[in-house]
Amino acid sequence: MLYQRSSRLFAEASQVIPGGVNSPVRAFKAVGGTPIFIKEAKGPYLYDEDDNRLIDYINSWGPMILGHAYGPVVNAVIERAKKGTSFGAPTALETEIATLAVAMVPNIDKIRFVNSGTEACMSAVRLARGYTKRDKIIKFAGCYHGHSDSFLIQAGSGAVTFGTPNSPGVTQGTAQDTLLAKYNDLDNVAALFKANPNSVAAIIIEPVAGNMGCIPPSKGFLEGLRSLCDANGTLLIFDEVMTGFRLAKGGAQELFGVKADIVTFGKVIGGGLPVGAFAGRHEIMDYLAPSGPVYQAGTLSGNPLAMAAGLEMLKALNTDSAIYQRLDEKTTYLEKGIREKLDTTGVVYTINRVGSMISVHFDATPVTDFSTAANGDNETFKKFFHGLLQEGVYIAPSAYETWFITDALTYEDIDYTIEAVGKVANNLK
Ligand code: PMP
């Protein structure tokens, strides 16, 4: 496949946009080459500026769980747009989506909408600090919670791909309030509590990590964090920006049966428009302005276009209870197929998967945390990525990312993908 027009567009973009992109991972820095410029998308496919059709395993990094240009979402946005795109005043639509979200997700009474996952996590931490009157937070190496200062301490996703785990611009003062723990290591978290008595406001965690590849929580890990939080008067924040409405209607809380105190959302909840949200029990959420003292606001928060898109998405997920099973079956089938092809080559690999989140690591050891994720062979990954791209299969351009499976993907698409992996696999060694 040729990507000439994309290359030209990237060169033009680089003149006026830093690095040619508005979010770093899009630039293909980790894998080399120039990014693909997308013209349009429908269902499981992207169509690029060179008129190539690509089977999409990124799906806008998660939101497109029902495929691109999903009819009910598109229609809702068009109809709402005709009536005005933002009022800076409340609408009934906001209560409608809030009511549905609260009904779908366990352990939440109230939800506040914002414009991105970053904002959701940043606000959740401020709320936890205000509520507990403590300053420190515990985050896990390799977890990404957006680009707010307190989270850019050994963050995953683009922050690690680009080798800037501690970004310039984050002050020492901010960094010292973020305590770093090892994913899947309860003893490590317990030691941090011991060393910082009565000062940890919250633990923030991706209940399934999706920003260092896909890393499942080991058995008992989330439960252990819950107990440690309870014993220390600390709030447990589940960052469900990726997992929310993806792993189950009620996200990771439902899947693992572990209660969080605050849950953050993004991606799926906005149906592809810029939306984030954070939610929790009455007494915590009522700590927010205007009912409480912790300030948080947004000119475009809860705007009708975003709320209309999100509402249609949540309605679809709430109505068709077989979606999650279908997603799981499709991803299981994909995983099995990839394993069969890679097994014939002798290349060392590990595949991690939880529901419709999956990642392929070129490393023989189990990938359970940031350091084992970092062991993967990036040269092999690059060949794998570019090989698949040549076959018209678009996976995330970094080994530190998760693939997101969409319900729009057909078994024909998956078979095609598995065959493509087979072709590419022969050139990996
Ligand atoms: N949390 C998690 C778990 C994420 O994966 C992301 C983005 N990939 C964010 C937070 C930040 O969301 P956004 O990019 O919408 O700011």
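This report describes the domains, a sheet, a hairpin and several individual residues of a predicted model.

**Domains and their contact**

The domain assignment divides the protein into domain 1, made of residues 4-69 and 322-425, and domain 2, which covers residues 71-319. Between the C-alpha centres of domain 1 and domain 2 the distance is 25 Å, and the contact between them involves 33 residues of domain 1 and 33 residues of domain 2. On the side of domain 1 that touches domain 2, at least two residues each come from α12, β11, β12 and α13 (370-374); β12 gives the most, with four residues. Sorted by class, that side of domain 1 holds 19 nonpolar, 10 polar and four charged residues.

**The sheet of β11, β12 and β14**

Three strands form an open sheet in the order β11-β12-β14, and their pairing is antiparallel. Because β11 (350-354) and β14 (403-404) each have a single partner strand, they stand at the edges, and one side of each is left without a neighbour in the sheet. Five bridges connect β11 with β12 (residues 357-361) in the antiparallel sense, and within this pair isoleucine 351 stands opposite valine 360 in β12. Helix α12 (residues 323-343) packs on the sheet and touches both β11 and β12, with a direction that makes about 175 degrees with that of β11.

**The hairpin of β1 and β2**

Strands β1 (residues 38-42) and β2 (residues 45-48) run antiparallel and are joined by four bridges. One of the bridge pairs is formed by lysine 42 and tyrosine 45, the latter in β2. Two residues lie between the strands of this hairpin, and glycine 43 takes a positive phi near 60 degrees there.

**Lysine 267**

The UniProt annotation "modified residue: N6-(pyridoxal phosphate)lysine", from an unreviewed entry, covers Lys267. In the model, lysine 267 is found in the loop between β9 (262-265) and β10 (276-280). Is lysine 267 buried or exposed? Lysine 267 has 27 C-beta neighbours inside 10 Å and therefore counts as buried, the cut-off for a buried residue being 20 or more. When neighbours within four places in sequence are left aside, the residues in contact with lysine 267 are Trp61, Gly62, Pro63, Gly117, Val241 and Met242.

**Backbone exceptions**

Most residues other than glycine have a negative phi, and most peptide bonds are trans. Against that background, three places in the backbone deserve a look.

| Place | Backbone value |
|---|---|
| Asparagine 107 | positive phi of about 65 degrees |
| Phenylalanine 245 | positive phi near 60 degrees |
| Alanine 289 to proline 290 | cis peptide bond, omega near 10 degrees |

Asparagine 107 lies in the loop between α3 (92-104) and β4 (110-114), and with 18 other C-beta atoms within 10 Å it is partly exposed. Phenylalanine 245 belongs to the loop between β8 (235-239) and α9 (251-256), where a count of 26 C-beta neighbours inside 10 Å makes phenylalanine 245 buried. Proline 290, at the cis peptide bond from alanine 289, is found in the loop between α10 (282-285) and α11 (304-319). Since proline 290 has 7 other C-beta atoms within 10 Å, this residue is exposed. From proline 290 to valine 367 the separation is 77 residues in sequence and, C-alpha to C-alpha, 44 Å in space.

How values were computed:
Residues numbered from 1 in each chain as written. Predicted model: local features only at pLDDT ≥ 70, side-chain atom pairs only at ≥ 80, totals over all residues. Pairing = 2+ DSSP bridges. Contact = placed C-beta atoms within 7 Å. Axes fitted to C-alpha atoms, helices over the stretch in contact; angles between N-to-C directions. Domains from an automatic or database assignment. Nonpolar A, V, L, I, M, F, W, Y, C, P; charged D, E, K, R; others polar. UniProt positions renumbered as here; feature names shortened; annotations may be inferred. Buried ≥ 20, exposed ≤ 12 C-beta atoms within 10 Å, placed from the backbone.
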